[in-house]
Amino acid sequence: MHQNKHKNTNRHQPVLLQEVLTYLTPQQGDTYLDVTAGYAGHASEILARTQAPQSAVLVDRDTEAIEYLQTKCDPAVTLLNADFLTAAKQLEKEGKRFDCILADLGVSSPHFDKTSRGFSVQTDEPLDMRMDQRQSLTAADILNSYGEVELIELLKEYGEEPKARQIATRIIEHRPLATTKQLADIAVSVWGRGKKHPATRTFQALRIAVNDELGLLKAALPIWVRLLSPGGRIAIISFHSLEDRIVKQAFAERSGKRYDAQLKLLTKKPVTARPEELVFNPRARSAKLRAAAKINTKNTEGQ
Ligand SMILES: C[S@@+](CC[C@H](N)C(=O)[O-])C[C@H]1O[C@@H](n2cnc3c(N)ncnc32)[C@H](O)[C@@H]1O
């Protein structure tokens, strides 16, 4: 990594950093793929250990994150401004293999902190929520075009929102919606005020839908496993139960006593943050880390 001259240092505090290093065990010369590189919190520590920028690939679908990485990374590092499914397909086509793969899912702190992106329940911004600014679909498009049944399903499935029906009805009554405050106020009008902001689940549901977060994860996971070199390690950090379930299942389907097992689980249960980390990094509260190592080199599943 270059000496950091960028003015936005420490934009994003990496979660479970020590645990990631323990499970990925990056060694000098290791090839490294980070599919959600963000602001290189994890990547800078891993690259400091591999000392191999020429065989590292950092991916992020957010152009602002990539621009930041350009200022921060050794120019030998490959940066890909793409979603991690597209990137994985490309890397597989190129025949690449990696000793360490990291996925730290979801959004970064600047997504919440920067005005205009529409991720935060606390501010009043356009209803955007796109991680990739080149994409056309926004949260406003979904809120203003979905039918009532579709909205209820979205809120239930992606937000696990118990009052999905009432919120969907009010969304339709208040259309067209343009700002995050309008949406947050609808959730408040249904729930009243509580300790946790009542719009948190609604915002999560929309963010997942706008960015097709679960669909991309499900499709990318098998390719990430194929991209591992023999003995290679993969670590995935998720932030809600929907993601964790997908990771758990994908790992379970490829490990254990089955004849075609490709993975050895390194974490029987998901690893969570130590109390010391929670003191300085509240984002780590919901983080769950699962890790596995590649054991079977002959399997050509899905190719
Ligand atoms: C939690 S942050 C990663 C932070 C990073 N590990 C660090 O320490 O700085 C997640 C990042 O992944 C990106 N991201 C989320 N989903 C993605 C996807 N499907 N494809 C590519 N990037 C994605 C987001 O734009 C965000 O920058």
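This briefing covers the ligand site, the open pocket and two backbone oddities of the structure above. The model is predicted, so local features need pLDDT of at least 70 and side-chain atom pairs count only at pLDDT 80 or more, while totals for chains, interfaces and linings use all residues. Residues are numbered from 1 along each chain as its sequence is written, and side-chain values use heavy atoms, with hydrogens and water left out. In short, the ligand takes up the space of the largest cavity, and there is also a pocket of about 1,100 Å³.

**Around the ligand**

- The ligand has 25 residues around it, and Tyr-39, His-42, Asp-60, Phe-84 and Asp-104 come nearest (near means a heavy atom within 4 Å).
- By class, that shell splits into eleven nonpolar, eight polar and six charged residues (Ala, Val, Leu, Ile, Met, Phe, Trp, Tyr, Cys and Pro are nonpolar, Asp, Glu, Lys and Arg charged, and the others, Gly among them, polar).
- Two side chains put a polar atom by a ligand nitrogen: Asp-104 at 2.8 Å and His-42 at 2.9 Å (a polar contact is a pair of N or O atoms within 3.5 Å).
- Arg-61 joins in through its backbone, with a polar atom 3.2 Å from a ligand nitrogen.
- On its own the ligand has 600 Å² of accessible area, and the protein covers 99% of that (Shrake-Rupley method, 1.4 Å probe).

**The cavity**

- A search of the whole structure turns up one cavity of 30 Å³ or more (on a 1 Å grid over the protein atoms alone, a cavity is a set of points where a 1.4 Å probe fits but cannot get out).
- The largest cavity has a volume of about 400 Å³, and of its 33 lining residues, Thr-36, Asp-60, Asp-104, Leu-105 and Gly-106 are closest to the centre (lining means an atom within 4 Å of a point).
- This is where the ligand sits (more than half of its atoms lie within 2 Å of the grid points).
- Helix H2 (41-50), strand E4 (98-104) and helix H11 (213-227) each give at least two residues to the cavity lining (DSSP runs, at least four residues for a helix and at least two for a strand).
- The cavity lining has 16 nonpolar, eight polar and nine charged residues.

**The pocket**

- The largest pocket holds about 1,100 Å³ of space (a pocket is an open set with protein on both sides within 12 Å along at least five of seven lines).
- Of its 27 lining residues, Phe-112, Thr-200, Gln-204, Arg-207 and Ser-286 are closest to the centre.
- Helices H5 (109-113), H10 (200-210) and H12 (241-253) each supply at least two residues of this lining, and H10 gives the most, with five.
- Its lining counts eight nonpolar, eleven polar and eight charged residues.

**Backbone oddities**

- The peptide bond from Arg-175 to Pro-176 is cis, with omega near 0 degrees, and Pro-176 is in the loop between helix H8 (164-173) and helix H9 (180-191).
- Met-129 is not a glycine, yet its phi is positive at about 70 degrees; look for Met-129 in the loop between H5 and helix H6 (139-145).

Technical notes. A polar contact is a pair of N or O atoms within 3.5 Å; within protein, one must be able to donate a hydrogen and the other to accept it, and residues adjacent in sequence count only if both atoms are side-chain atoms. Grid points are joined across faces, edges and corners, and a volume is the space filled by probe spheres set on the points.
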